[in-house]
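Trainee: I'd like to learn how to read a fold from its parts. Can we go through one together?

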Amino acid sequence: MKSISAMLRSVIKLSHLDLSFYNVPNISDEGVIAVGDQLSQLTHLISIQANFNFTKISDEAVSRLMNGIQHLQHLSSFQLDLEGCGNVTDAGANMIREVLQFHTSLIDITLDLRRTSVTSAGKQNLRRVRDLRQFNKFDIIQ
């Protein structure tokens with residue numbers, strides 16, 4: 001997935017990123033990790049739409065993606081669609097929660113966790129982020 005890394009390095013002034021891989025089963029952790037590792041360099045990003053539904057990504061990919069997102073100081077809108085990602089569990093949801101609760105510029109968030117392995121308790125922990133700070137929109141689709 002070096003081509004994804006190279007592409008992201010060449011567009012460092014990008015303000016909106018749409019990663020749509022709906023029902024592309026060969027998208028795996030490797031590709032998402034490559035994106036996550038480059039995100040911190042995209043300092044002008046204000047919105048990310050990431051659609052990984054029905055792919056094989058796991059908690060490791062979610063963790064690395066969220067690690068990159070936590071460094072984006074101007075990011076205000078984040079949509080993450082993980083529907084059908086059965087390898088995403090409470091560990092991945094916890095990483096999402098950790099980043100969202102401290103990322104103060106994020107005000108519009110949509111998470112789709114249908115058909116993942118995130119438990120009711122994991123989803124409840126994510127919902128608690130809403131109580132910690134003000135959002136324009138914070139939706140969890142389950």
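Mentor: We'll take the sheet, then its edge strands, the core, a helix or two, and a loop. Keep in mind that this is a predicted model.

Trainee: Where do I begin with the sheet, and in what order do the strands come?

Mentor: Begin with who pairs with whom. Here five strands make an open sheet in the order E1-E2-E3-E4-E5, and the pairing is parallel. From one strand to the next, the twist averages 0°.

Trainee: Which strands stand at the edges?

Mentor: Look for strands with a single partner. E1 and E5 each have just one, so each has one side without a neighbour in the sheet. E1 (16–20) is joined to E2 by five bridges, with Leu19 bridged to Ala50 in E2. At the other edge, five bridges join E4 (residues 108–112) to E5. Leu111 stands opposite Ile140 there, and Asp112 has Ile141 as its bridge partner.

Trainee: How do the side chains of those edge strands point?

Mentor: Read along the strand and check each face in turn. In E1, Leu17 and Leu19 point to one face and are buried, while His16, Asp18 and Ser20 point to the other and are not. E5 (residues 137–141) alternates too: Phe138 and Ile140 are buried on one face, and Lys137, Asp139 and Ile141, on the other, are not.

Trainee: What about the core: how many residues does the largest one have?

Mentor: The general idea is that nonpolar side chains in soluble globular proteins tend to be buried together. In this model the largest nonpolar core has 40 residues, and Ile48, Phe52, Ile57, Leu82 and Leu100 have the most contacts inside it. Elements giving it two or more residues include E1, helix H2 (29–39), helix H3 (59–69), helix H4 (90–102) and E5.

Trainee: Say I pick Leu100 out of that list. What is it in contact with?

Mentor: Set aside the neighbours within four places in sequence and see what remains. For Leu100, that leaves Met66, Phe78, Leu106, Ile109, Leu111, Val129, Arg133, Phe135 and Phe138. Two of those names should ring a bell: Leu111 stands opposite Ile140 in E5, and Phe138 is on the buried face of E5.

Trainee: And how do I place a helix against the sheet?

Mentor: Ask which strands the helix crosses, and at what angle. H4 lies across E3, E4 and E5, running at about 175° to E4. For H3, try asking what covers the buried residues. Those residues are Asp59, Ala61, Val62, Leu65, Met66, Gly68 and Ile69, and their cover includes H2, E2, E3 and H4.

Trainee: How many aromatic pairs does a search of the whole structure find?

Mentor: Two. To classify a pair, take the distance between ring centres and the angle between planes. Phe21 and Phe52 have centres 6.0 Å apart and planes at 10°, so this pair is stacked. The two sit 31 residues apart, Phe21 in the loop between E1 and H2 and Phe52 in the loop between E2 and H3. Phe21 is partly exposed at 22% relative accessible area, whereas Phe52 is buried at 1%.

Trainee: Last one: is Thr55 buried or exposed?

Mentor: Buried, because its relative accessible area is 5%, and the cut-off is under 20%. Thr55 is in the loop between E2 and H3, and its side chain reaches the backbone oxygen of Phe52 at 2.6 Å. Beyond its sequence neighbours within four places, Thr55 is in contact with Phe21, Val24, Ile27, Gly84 and Cys85.

Definitions and conventions
Residues are numbered from 1 along each chain as its sequence is written. This is a predicted model: local features need pLDDT of at least 70, side-chain atom pairs count only at pLDDT 80 or more; totals for chains, interfaces and linings use all residues. Side-chain values use heavy atoms; hydrogens and water are left out. Buried means under 20% relative accessible area, exposed over 50%, partly exposed in between (1.4 Å probe, protein chains only). Helices (H or I, at least four residues) and strands (E, at least two) are DSSP runs, numbered from the N terminus. Two strands pair if DSSP finds at least two bridges between them. A nonpolar core is a set of buried Ala, Val, Leu, Ile, Met, Phe, Trp, Tyr and Cys residues joined through side-chain atoms within 4.5 Å. Contact means heavy atoms within 4.5 Å. Rings of Phe, Tyr and Trp (its six-membered ring) pair if their centres lie within 6.5 Å; planes under 30 degrees apart count as stacked, over 60 as edge-to-face and the rest as tilted. Axes are lines fitted to C-alpha atoms, for helices over the stretch in contact, and angles run from 0 to 180 degrees between N-to-C directions. A polar contact is a pair of N or O atoms within 3.5 Å; within protein, one must be able to donate a hydrogen and the other to accept it, and residues adjacent in sequence count only if both atoms are side-chain atoms.
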